[in-house]
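Me: Got a minute to go through a model with me? I'll ask short questions and jump around.

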Amino acid sequence: MEFTVRQIATLLGGEVEGDETLAIRNIAKIEEGAAGDISFLANLKYEPHLYTTGASAVIVNRDFRPQKPVTASLIYVDNSYSAFTQLLEQYYQQINFARVGVEEPSFVGAGTETGDGIYRGAFSYIGRNCRLGQNVKIYPHAYVGDNVSIGDNTIIHPGARILNNSVVGRYCVVHGNAVVGGEGFGFAPQPDGTYKTIPQLGNVILEDYVNVGSGTTIDCATMGSTIIRKGAKLDNLIQIGHNVEIGQNTVIAAQSGISGSTKIGANCVIGGQVGFAGHLNIADGTKVGAQSGVGKNVTEVNTAINSSPAFGLKESMRSLAVFRKLPDLDRRLTDLEKKTNK
């Protein structure tokens with residue numbers, strides 16, 4: 001793929017200073033740019049790299065004025081970071097949606113319907129009675145079970161598994177080795193100390209614009225559905241238990257685990273390695289610090305919590321400050337006791 005500086009500036013609504021006919025073939029960091037690359041400058045601590053970069057073009061803010069000569073063509077925009085993000089999105093679309101057609105060997109079961117512009121990579125498997133929308137991309141070694149529905153413009157990356165009866169919305173991305181719809185962790189203890197498996201008969205629903213990271217697992221519901229709401233973003237290596245609900249536009253960082261039937265609200269921000277007990281309700285806008293353990297409901301919206309067990313962020317920070325002083329406080333207390341006992 002190749003575009004001129006002028007074409008990119010038009011896409012971003014920007015103005016060019018320099019050679020607008022230069023060909024752009026790649027996107028790079030400003031300190032690593034080479035001929036044919038485009039980069040951006042948003043944080044002025046990286047400004048020195050602007051004067052040494054080999055990139056052919058750099059996106060900058062309209063109010064930016066170089067202090068030294070610049071060899072790269074400059075594209076002036078209202079917000080260079082947002083413009084570069086837009087460019088990355090376009091580049092991503094070009095890379096991921098350019099492929100069309102069927103590679104062999106691959107398998108499609110009876111009764112499955114696919115829309116226009118679909119891509120099925122080699123060794124991919126699609127089960128019976130599935131419905132795949134327009135421009136769906138199923139990459140090599142991906143597995144789609146029976147009775148699965150996948151919406152338009154969704155990408156299933158290599159090795160990902162979408163198991164029976166799952167529903168995946170439009171513009172979703174499921175990354176490599178993620179498992180959507182695996183059997184939930186349900187076992188009933190028996191009088192003799194053994195456990196009896198509880199059949200998991202529900203499914204998983206991913207609404208539109210959901211992103212599922214590599215190695216993340218989303219268990220199907222025991223009955224009903226495990227639901228990931230519109231716009232939610234799940235990092236790599238996350239465990240979502242059966243009958244969990246994740247609210248709209250909630251983001252969860254890697255290695256977090258959510259036990260069965262917990263409901264997390266909209267626009268929450270969950271740090272890495274956070275653990276949630278089961279059957280909790282977490283209010284909209286909740287922010288949870290990394291490595292926190294959440295064992296009770298959060299009822300107030302926009303609450304920030306931290307620590308294990310998690311409690312109010314400000315209180316936990318004060319407690320941590322005191323905890324760090326404990327050795328000194330212990331020494332002072334011991335000295336006071338010695339003086340008092342004399």
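What follows is a chat about the domains, sheets, loops and contacts of this chain.

Me: What am I looking at, and how are residues numbered?
Reply: This is a predicted model: local features need pLDDT of at least 70, side-chain atom pairs count only at pLDDT 80 or more, and totals for chains, interfaces and linings use all residues. Residues are numbered from 1 along each chain as its sequence is written, and side-chain values use heavy atoms, with hydrogens and water left out.

Me: Which domains does the chain have?
Reply: The assignment gives domain 1 (3-98) and domain 2 (101-314). Such bounds come from an automatic or database domain assignment. The centres of domain 1 and domain 2, taken over C-alpha atoms, are 36 Å apart.

Me: How many residues are in contact between domain 1 and domain 2?
Reply: 4 residues of domain 1 are in contact with 7 residues of domain 2. Contact means heavy atoms within 4.5 Å.

Me: And what area do they bury?
Reply: About 450 Å² is buried between domain 1 and domain 2, with 55% of it on carbon and sulfur atoms. Buried area is the accessible area (1.4 Å probe) that two parts lose on being put together, summed over both.

Me: Which three residues of domain 1 supply most of that?
Reply: Tyr92, Asn96 and Phe97. They supply 94% of the area that domain 1 buries against domain 2, more than any other three residues.

Me: How many salt bridges and polar contacts cross that interface?
Reply: The rule finds 0 salt bridges across the interface of domain 1 and domain 2. A salt bridge here is a side-chain nitrogen of Lys or Arg within 4 Å of a carboxyl oxygen of Asp or Glu. Residue pairs in polar contact across it also number 0 (both at pLDDT 80 or more). A polar contact is a pair of N or O atoms within 3.5 Å; within protein, one must be able to donate a hydrogen and the other to accept it, and residues adjacent in sequence count only if both atoms are side-chain atoms.

Me: How do the residues on the domain 1 side divide?
Reply: The side of domain 1 that touches domain 2 has 3 nonpolar residues, 1 polar and no charged. Ala, Val, Leu, Ile, Met, Phe, Trp, Tyr, Cys and Pro count as nonpolar, Asp, Glu, Lys and Arg as charged, and the others, Gly among them, as polar.

Me: So where are there salt bridges?
Reply: The structure holds 14. One of them joins the side chains of arginine 25 and glutamate 2 at 3.5 Å, N to O. Arginine 25 is in the loop between strand S3 (23-24) and S4, and glutamate 2 is in the segment before strand S1 (3-4), so the pair ties together parts 23 residues apart in sequence.

Me: Switching to sheets. How do you count strands and pairs?
Reply: Strands are DSSP runs (E, at least two residues), numbered from the N terminus. Two strands pair if DSSP finds at least two bridges between them.

Me: What is the order in the sheet with 10 strands?
Reply: The order is S9-S12-S15-S18-S21-S26-S29-S32-S35-S38, in an open sheet with parallel pairing. Strand S9 (107-108) and strand S38 (293-294) are the edge strands, each pairing on one side only.

Me: Any pairs inside it?
Reply: Strand S18 (residues 161-162) and strand S21 (residues 179-182) pair in parallel over 2 bridges. In S21, valine 179 is the bridge partner of arginine 161. S21 also pairs in parallel with strand S26 (residues 217-219), over 3 bridges. There, the partner of valine 179 is threonine 217.

Me: And the sheet with 9 strands?
Reply: That open sheet runs S10-S13-S16-S19-S24-S27-S30-S33-S36, again with parallel pairing. Strand S10 (113-114) and strand S36 (281-282) are at the edges with a single partner strand each, so one side of each has no neighbour in the sheet.

Me: Which peptide bond is cis?
Reply: The bond from glutamate 104 to proline 105 is cis, with omega near 0°. Proline 105 is in the loop between strand S8 (101-102) and S9.

Me: What about the phi of asparagine 302?
Reply: Asparagine 302 has a positive phi of about 60° although it is not a glycine. Its place is the loop between S38 and strand S39 (304-306).

Me: Last one. What is valine 16 in contact with?
Reply: Leaving aside neighbours within four places in sequence, valine 16 is in contact with Val5, Arg6, Ala9, Leu74 and Ile75. Valine 16 is in strand S2 (residues 15-17).

Key:
Helices (H or I, at least four residues) and strands (E, at least two) are DSSP runs, numbered from the N terminus.
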